[in-house]
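Good morning, and thank you for coming. Please have the sequence and the coordinates open while I speak.

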Amino acid sequence: MNKEQLWTKDFIGVTATNFFQMLTFYLLMVTISEFAVNEFQSSESHAGLASSIFVIGALVGRLFGGKFMERIGRKKLLIAGLVLVVISSALYFEVNSYMMLIANRLLHGFAFGVAGTATGTIIAHVIPHSRKGEGIGYFALSMTLATAIGPFIGLFILEHFSFKLIYVFCLGCAAISLVIALLLRIQEITLTQEQTAEMKGFKLSNFIESKSVPITLVAAVTAFCYSGIISFLTFYAKENHVTEAASFFFVVYAVAIVVTRPFTGRWFDSKGSNFVMYPAIVSFVLGMIVLSQSHVSGILLLAGALIGFGYGTYMSSSQAVAIKVAPAHRIGLATSTFFILTDIGLGIGPFLQGLFVPSLGYSGLYIILSILLVICLPLHHLLYGRNQRTT
């Protein structure tokens, strides 16, 4: 029997749109803290807030997008979100104070959340059901590549050029995303009267898909731990005199996932999610421990490979699970639920962790985060793993 087609024009288009959005997200996450310190003499905690406040805006955007997705229409919501992304990207050129930076980061985050919820929902319907794990894995690969290429470009520009070029690059990516989205043919769904009535009002169930919460809670903890890497790796590398290797950390991270993704996606569909998710957590734990001891370039890059397989595989697998367990007409809510909770992890991470850096140091912080990741093993088993069949 022939496999259902995965690599359609719309699958590629939605994935490309998502890639350019995630590229600017991760590029700014690793550079905006330094911009806040250099331009406005911000403290480490305030610099972390400049990075993480974006995710708070995204949280609000995802709440809005998840609730109104099917009522507004997927393509209309996607285009509206991307237009706001273009506007907020242009506003970075006018930032002249710390508070203005925070305000624009919130706006950019909101727009990103709306657009991201739309792409996550659209892709779930584009992918054939029999290849859901594989398809979500490749879609998530667009995020993975962004986590590597974005920080690499950001750190390279930061080292050799002015911050203005970073904003030019981000505006270009936003414009490309909008053009691609306008060319997409997106299938809308028509809600029944019963489903429309169910979605009215401001009940918690109209913002959160409860069936997706258990697996997403574990993913949120892993995102919290990962936020310590994307926000503080630059400072940690400077402290240990491995700045050049740090720019390649995310490249090695991406290569590890590109090499393993074709296998992990198929194993997810054929052997069950636990077959790849438990090893992924273990790899993330080991990677974080190695990172805490990265005083030479080779060790730092080894940590990048372990974290790449661990965090990258776990996040794509948990996203696939969150979508598969939801009813078809609530996939938009399942998508927003997944990103809302993981965004919370990413958002509060830099701020909270920044409070402890002065006493723990960066190495000590990564040790604490590795312990937290160990706890994710029994947490995954309790909330999802013990009930897993073939999902």
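I shall take the helices, the aromatic pairs, the nonpolar cores and a few single residues in turn.

A word of caution belongs at the start: this is a predicted model.

Let me begin with helix H3, which runs over residues 74-91. Its 18 residues reach 26 Å from the first C-alpha to the last, close to the 26 Å expected at 1.5 Å a residue. The buried residues of H3 are Arg-74, Leu-77, Leu-78, Ile-79, Gly-81, Leu-82, Val-85, Ser-88 and Ser-89.

Beyond H3 comes a loop, and after that loop helix H4, residues 98-126. For the 29 residues of H4, a rise of 1.5 Å a residue gives an expected span of 42 Å; the end C-alpha atoms are 41 Å apart, which agrees. H4 is mostly covered, with 21 of its 29 residues buried.

Two residues of H4 deserve a closer look. Arg-105 lies in this helix, and its relative accessibility is 0%, so Arg-105 counts as buried. What does the side chain of Arg-105 find there among polar partners? One of its polar atoms lies 3.0 Å from the backbone oxygen of Ala-50. Setting aside residues up to four places away in sequence, Arg-105 touches Leu-28, Met-29, Ile-32, Ala-50, Ser-51, Ile-53, Phe-54 and Tyr-92.

The second is Thr-121, also a residue of H4. Thr-121 likewise counts as buried, because its relative accessibility of 0% falls under the 20% limit. Its side chain reaches the backbone oxygen of Thr-117 at 2.8 Å.

I turn now to the aromatic residues. The structure holds 22 aromatic pairs. In one of them, the rings of Phe-93 and Tyr-167 have their centres 6.1 Å apart and their planes at 75°; an angle over 60 degrees counts as edge-to-face, so this pair is assigned to that class. The pair links distant parts of the chain: Phe-93 belongs to the loop between H3 and H4, whereas Tyr-167 belongs to helix H6, residues 163-182, and 74 residues separate the two. Are the two partners buried or exposed? Phe-93 is partly exposed, with a relative accessible area of 32%, while Tyr-167 is buried, at 4%.

Tyr-167 has a further aromatic partner in Phe-163, and here the pair is tilted, with 5.5 Å from centre to centre and 55° between the planes. Because Phe-163 and Tyr-167 are 4 residues apart in helix H6, about one helical turn separates them. Phe-163 counts as buried, at 13% relative accessibility.

Elsewhere, Phe-232, Phe-235, Tyr-236, Tyr-362 and Tyr-366 form one aromatic cluster. An aromatic ring also takes part in a contact with a charge: the charged end of Lys-271 sits over the ring of Phe-275, 5.4 Å from its centre.

Next, the nonpolar interior. The largest nonpolar core has 93 residues, and those with the most contacts inside it are Tyr-226, Ile-229 and Leu-291. Which helix gives the largest share of this core? That is helix H8, residues 213-239, with 13 residues.

Tyr-226, leaving aside neighbours within four places in sequence, is in contact with Tyr-26, Thr-147, Phe-250, Tyr-253, Phe-284, Ile-307, Tyr-311 and Leu-346. Apart from the largest core lies another, of 21 residues, including Leu-28, Ala-36, Leu-101 and Phe-163.

Ile-229 lies in helix H8 and is buried, with a relative accessible area of 0%. With the neighbours within four places in sequence again left aside, Ile-229 is in contact with Phe-249, Phe-250, Phe-284, Met-288, Leu-291, Ile-307 and Tyr-366. Ile-229 and Leu-369 are 140 residues apart in sequence, and their C-alpha atoms are 10 Å apart in space.

I close with the loop that follows H8. His-241 is found in the loop between H8 and helix H9, residues 243-271. Its phi is near 60°, a positive value in a residue other than glycine. Is His-241 buried or exposed? At 70% relative accessibility, over the 50% limit, His-241 counts as exposed.

Thank you; I shall be glad to take questions.

Methods. Residues numbered from 1 in each chain as written. Predicted model: local features only at pLDDT ≥ 70, side-chain atom pairs only at ≥ 80, totals over all residues. Heavy atoms only, no water. Expected span 1.5 Å × (residues − 1). Buried < 20%, exposed > 50% of the residue type's maximum accessible area, 1.4 Å probe, protein only. Phe/Tyr/Trp six-rings, centres within 6.5 Å; stacked < 30°, edge-to-face > 60°. Lys NZ or Arg CZ within 6 Å of the ring centre and 35° of its normal. Polar contact = N/O pair within 3.5 Å; in protein donor to acceptor, adjacent residues only side chain to side chain. Contact = heavy atoms within 4.5 Å. Core = buried A, V, L, I, M, F, W, Y, C linked by side-chain atoms within 4.5 Å.
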